[in-house]
Amino acid sequence: MGDWHTLFTPCGAVQAWLAKPEGEARGAVVVAHEIYGLLPHYQHLCERLAQVGFIALAPAYFDLIEPGLVLGTDRVGSNRGRATVDRLGLDCAVDVTETAAEFLADLGHKVGVVGFSWGGTVALLANTRLGLPAVSYYATRNLPFLNEPAGAPLMFHFGALDVAIPPEAIEQHRQKQPQAQVFVYPGADHAFNRDPDPPWQPEAAALAWQRSLEFFTEHLS
């Protein structure tokens with residue numbers, strides 16, 4: 001259902017996985033990956049979005065640093081991934097997201113963003129800086145940006161067992177973005193949506209995904 005498309009962004013060219021529904025689309029979604037690059041998981045998420053009627057586009061943000069870079073989800077991959085996103089910078093990540101959103105808007109659809117971990121902060125900034133409806137999953141880098149006014153509807157998902165995002169950090173999301181929907185999932189850790197890796201918590205993942213689809217149906221249709 002999906003294939004590769006080249007995006008020419010202000011920071012350079014990146015590949016992006018594009019999936020389209022068989023029938024008429026009811027909206028479009030940019031998918032922002034985490035610190036491991038564009039894992040097959042994110043291509044699969046694009047396919048899942050397409051299956052329920054959304055055009056989905058997942059940029060390979062790491063192409064700006066090393067084309068085709070995809071990392072393992074172990075400690076070595078985590079360390080290299082953190083170094084890579086630090087080199088890339090959030091400003092370029094937002095530029096890539098904006099280019100992806102413009103591509104989707106040119107197809108005639110309203111556009112939203114969903115992001116995971118590092119990509120969750122990219123999604124937040126796409127909301128505050130680009131005015132796009134956004135869903136942010138377990139983003140560890142949101143706190144410095146929570147004072148930026150939301151430019152569109154906003155949803156956050158967190159795992160209650162995620163030591164990288166303690167309860168007081170989640171509470172700051174509620175206080176500084178009071179209009180946003182904030183959900184916390186008991187028994188879920190960081191990366192609870194990334195199947196089939198061990199952090200995957202299927203019950204939490206399914207409920208968060210249902211809520212995310214309802215969000216995009218409401219705000220993009």
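I take buried as under 20% relative accessible area and exposed as over 50%, with partly exposed in between. The model I am reading is predicted.

**Cysteines**

I looked up C92 first. Its relative accessible area is 22%, so C92 falls in the partly exposed class. I then checked C11, which is partly exposed as well, at 29% relative accessibility. C46 has 0% relative accessibility and therefore counts as buried.

I searched the whole structure for disulfides and found one. It joins C11 to C92, with an S to S distance of 2.1 Å. The two cysteines are 81 residues apart and link distant parts of the chain. C11 sits in the loop between β1 (2-9) and β2 (12-19), while C92 belongs to helix α3. I looked up the handedness next: the torsion about the S-S bond is about -90 degrees, so this disulfide is left-handed.

**Helix α4**

I went through α4, residues 118-130, from end to end. The helix has 13 residues and reaches 17 Å from its first C-alpha to its last, close to the 18 Å expected at 1.5 Å a residue.

How many of the 13 residues of α4 are buried? I count eleven, and the helix is mostly covered. Among the buried ones are W118, G119, G120, N127 and T128. I asked what these buried residues pack against, and found helices α2 (75-88) and α3 (90-105) together with strands β3 (28-32), β5 (111-116), β6 (134-137) and β7 (154-159). After the helix comes G131, and I note that its phi is positive, near 75 degrees.

**Nonpolar core**

The largest nonpolar core holds 79 residues, and V31, Y61, W118, Y137 and F192 touch the most other members. Helix α6 (residues 202-220) gives the most to this core, with eight residues.

I followed F192 further. Leaving out residues up to four places away in sequence, I list its contacts as Y137, Y138, H157, F158, G159, Y185, P199, W200, Q201, A204, A205 and A208.

**H173**

I closed with H173, which lies in helix α5 (residues 167-176). Is H173 buried or exposed? Its relative accessibility is 1%, so I enter H173 as buried. A polar atom of the H173 side chain lies 2.8 Å from the backbone oxygen of A169. Beyond its neighbours within four places in sequence, H173 is in contact with N142, L143, L146, F156, F158 and P178. F158 also appears in my list for F192.

How values were computed. Residues numbered from 1 in each chain as written. Predicted model: local features only at pLDDT ≥ 70, side-chain atom pairs only at ≥ 80, totals over all residues. Heavy atoms only, no water. Helix = DSSP H or I, 4+ residues; strand = E, 2+ residues; numbered from the N terminus. Buried < 20%, exposed > 50% of the residue type's maximum accessible area, 1.4 Å probe, protein only. Polar contact = N/O pair within 3.5 Å; in protein donor to acceptor, adjacent residues only side chain to side chain. Contact = heavy atoms within 4.5 Å. Core = buried A, V, L, I, M, F, W, Y, C linked by side-chain atoms within 4.5 Å. Expected span 1.5 Å × (residues − 1). Disulfide = S-S within 2.5 Å.
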